[in-house]
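Trainee: I am new to this structure, and I would like to learn how to read a few of its features. Could we look at them together?

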Amino acid sequence: MADSVPESTRQTLDRLYDDPEDRLTSLFELTPDDTEIEATQAVFKALSNEHRIRILEALRDGELCACEIQVVLDAPQSTVASHLRELKDAGLVNTRRQGKWTYYRIGDTAVLQLLDIATALAEETA
């Protein structure tokens, strides 16, 4: 990786640091793992849709079956199923089967905290 650093960057690091190679090594250590990035990206991708945020907000009060989520979204079953699959794949919701019904609930309360933080950030910029 050190070979991929542009010469102009190396020159700047030479001026800024007594041991620029040591600084380069420490900077490369800051590079996140691809798996970690992909997992984070999947979460934010799942949160990047209005319907999926509405589903999560509806699940804040407890679990709902897919037909109840259809009412919340005022959307057809196929649309709801697609959004629920995306949320489940990202690990944001869990499911429970009871007979022929599937119930959905928040997978980890951290997602609710993330939504609260996003709301607070939006209010600060408004």
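Mentor: Let us begin with a single residue, bearing in mind that this is a predicted model. A residue is called buried when its relative accessible area is under 20%, and Arg10, at 19% relative accessibility, therefore counts as buried.

Trainee: Where is Arg10 found, and with which side chain does its own side chain make a polar contact?

Mentor: Arg10 belongs to helix α1, which covers residues 7-16, and its side chain makes a polar contact with that of Glu21 at 2.9 Å.

Trainee: Which residues are buried in helix α4, and how do they lie around its axis?

Mentor: In α4, residues 50-59, the buried ones are Arg52, Ile55, Leu56 and Leu59. Looking down the axis of α4, one finds these buried residues within an arc of 95 degrees, so they line one face of the helix. At the N-terminal end of α4, Asn49 acts as a cap, with a side-chain oxygen 2.7 Å from the backbone nitrogen of His51.

Trainee: How do the axes of α5 and α6 cross, and which residues meet there?

Mentor: For a pair of helices, an angle of 65 to 115 degrees counts as roughly perpendicular. The axes of α5 (residues 66-73) and α6 (residues 77-89) come within 9 Å and cross at roughly 105 degrees, which makes α5 roughly perpendicular to α6. From α5, Ala66, Ile69, Gln70 and Leu73 meet Gln77, Val80 and Leu84 of α6, and the residues of this contact divide into five nonpolar, two polar and no charged.

Definitions and conventions. Residues numbered from 1 in each chain as written. Predicted model: local features only at pLDDT ≥ 70, side-chain atom pairs only at ≥ 80, totals over all residues. Heavy atoms only, no water. Axes fitted to C-alpha atoms, helices over the stretch in contact; angles between N-to-C directions. Helix = DSSP H or I, 4+ residues; strand = E, 2+ residues; numbered from the N terminus. Parallel < 35°, antiparallel > 145°, perpendicular 65-115°, else oblique. Contact = heavy atoms within 4.5 Å. Nonpolar A, V, L, I, M, F, W, Y, C, P; charged D, E, K, R; others polar. Buried < 20%, exposed > 50% of the residue type's maximum accessible area, 1.4 Å probe, protein only. Arc of directions from axis to C-beta. Polar contact = N/O pair within 3.5 Å; in protein donor to acceptor, adjacent residues only side chain to side chain.
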